[in-house]
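Trainee: I am new to this structure. Please pick one part of the interior, take a close look, and then connect it to the rest.

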Amino acid sequence: MELVSRDTEFGRIEIRALMEGTGHALLERRYASRGYRLSRSADVTLGAYWEGRLVATLGLRRDGGNLAADQSFPGEMTGMRQQGWQLCEFTRLAADPEGPSKLVLASLFHLAYLHAAHHWGAEFLVIEVNPRHTAFYRRMLDFQPHGEQRMHRSVGAPAVLMSLSLNYVEGKVRKHGGSLNDDENRSRTLYPYAFSPKDEPTLLSKLADVYGYDA
């Protein structure tokens, strides 16, 4: 089900709410190319379509005290919860390298952030990333690492635990979101590639319609 679309110089991008099983072919292809296994399914999965073709997916998990990251980083996760952090987890990110990656990833991330923060009341999100990708997540979204490198048990690959304050994300989106065409430094982070803050009421309303909660 379509959540939002945006027409760009690279073509039309649509963000859709995916049903269980949709997008598995892309996930399996991208994970297998790196020798990984698929992790357990997400509570919510979003997909980005470029010119009608699925080019990226992103999964969200709500914290019930047993997120996937608890398997490899139990001490770090317990410490976050003891500080009172309301957590959520982003997972199962797969992207086709042929798509307009920054616009696609920023669009997915913005919708996922809004759902996690406004529907679940999440304050921090956590992700497990391959050590090779930590610099990308720090540079593009300002994720911060936690603890030492471990083995990601679900996918069978090394991983680093990283977190990001959703309050911080809100501030960055308010400052930079939708400024792609006038921000001369737009390539430095993903935030200028996000939707404009003026679009958020419409995005939240659509998310509420699709997932059945009050905007």
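Mentor: Start with a term. A cavity is a set of grid points where a 1.4 Å probe fits but cannot get out. Keep in mind that this is a predicted model.

With that in hand, count the cavities of 30 Å³ or more: the structure holds 1. The volume of the largest cavity is about 30 Å³. Which residues line the largest cavity? They are Ala106, Phe109, His110, Val173, Leu190, Tyr191 and Ala194. Sort that lining by class: 6 residues are nonpolar, 1 is polar and none is charged. Helix α4, residues 101-119, gives the most to this lining, with 3 residues.

Now step back to the whole protein. Its secondary structure comes to 7 helices and 8 strands. The protein has 215 residues, and 53% of them are buried. Take the contacts in the protein with a separation of 6 or more: residues 24 or more positions apart account for 68% of them.

Next, go to helix α5, residues 134-141. Its buried residues are Thr134, Tyr137, Met140 and Leu141. Looking down the axis of α5, these buried residues fall within an arc of 150 degrees, so they line one face of the helix. What do they pack against? The partners are β5, α4, β6, β8 and α6, the last at residues 166-176. Note α4 in that list. It is the helix that gives the most to the lining of the largest cavity. Just after α5 comes Asp142, with a positive phi of about 70 degrees.

Helix α3, residues 74-82, can be read in the same way. Glu76, Met77 and Met80 are its buried residues. Down the axis of α3, they fall within an arc of 95 degrees, so they too line one face of their helix. The face turned away from that buried side carries exposed residues, Gly75 and Gln82. On the buried side, the packing partners are α2 (69-72), β5 (87-95), β6 (124-129), β7 (144-152) and β8 (157-165). Compare the two partner lists: β5, β6 and β8 appear in both. Gly84 follows α3, and its phi is positive, near 90 degrees.

Stay with Glu76 for a moment. Its place is in helix α3. Is Glu76 buried or exposed? The cut-off for buried is under 20% relative accessible area. Glu76 has 18%, so it counts as buried. Leave out residues up to four places away in sequence, and Glu76 touches His146, Gly147, Glu148, Arg150 and Leu161.

Now the aromatic rings. The count comes to 4 aromatic pairs. One of them joins Trp85 and Phe124: this pair is stacked, with 3.8 Å centre to centre and 10 degrees between the planes. It links distant parts of the chain. Trp85 sits in the loop between α3 and β5, while Phe124 is in strand β6, and 39 residues separate them. Both Trp85 and Phe124 are buried. Another pair, Phe136 and Tyr137, is edge-to-face: 5.5 Å centre to centre, with 90 degrees between the planes. Tyr137 has a relative accessible area of 14%, so it is buried. Phe136 stands at 29%, so it counts as partly exposed. Phe136 and Tyr137 belong with Phe143 in one aromatic cluster. Recall that Tyr137 is one of the buried residues of α5.

Finish at the start of the chain. Glu2 lies in strand β1, residues 2-8. What is the accessibility class of Glu2? At 35% relative accessibility, Glu2 is partly exposed. Glu2 and Arg16 are 14 residues apart in sequence, yet their C-alpha atoms are 4.2 Å apart in space. Arg16 is also among the residues that Glu2 touches, once those up to four places away in sequence are set aside. The others are Arg12, Glu14, Ile15 and Lys206.

Technical notes:
Residues numbered from 1 in each chain as written. Predicted model: local features only at pLDDT ≥ 70, side-chain atom pairs only at ≥ 80, totals over all residues. Heavy atoms only, no water. 1 Å grid on protein atoms, 1.4 Å probe; cavity = no way out; pocket = protein on both sides within 12 Å on 5 of 7 lines; lining within 4 Å. Points joined across faces, edges and corners; volume = space filled by probe spheres on them. Helix = DSSP H or I, 4+ residues; strand = E, 2+ residues; numbered from the N terminus. Nonpolar A, V, L, I, M, F, W, Y, C, P; charged D, E, K, R; others polar. Buried < 20%, exposed > 50% of the residue type's maximum accessible area, 1.4 Å probe, protein only. Arc of directions from axis to C-beta. Contact = heavy atoms within 4.5 Å. Phe/Tyr/Trp six-rings, centres within 6.5 Å; stacked < 30°, edge-to-face > 60°.
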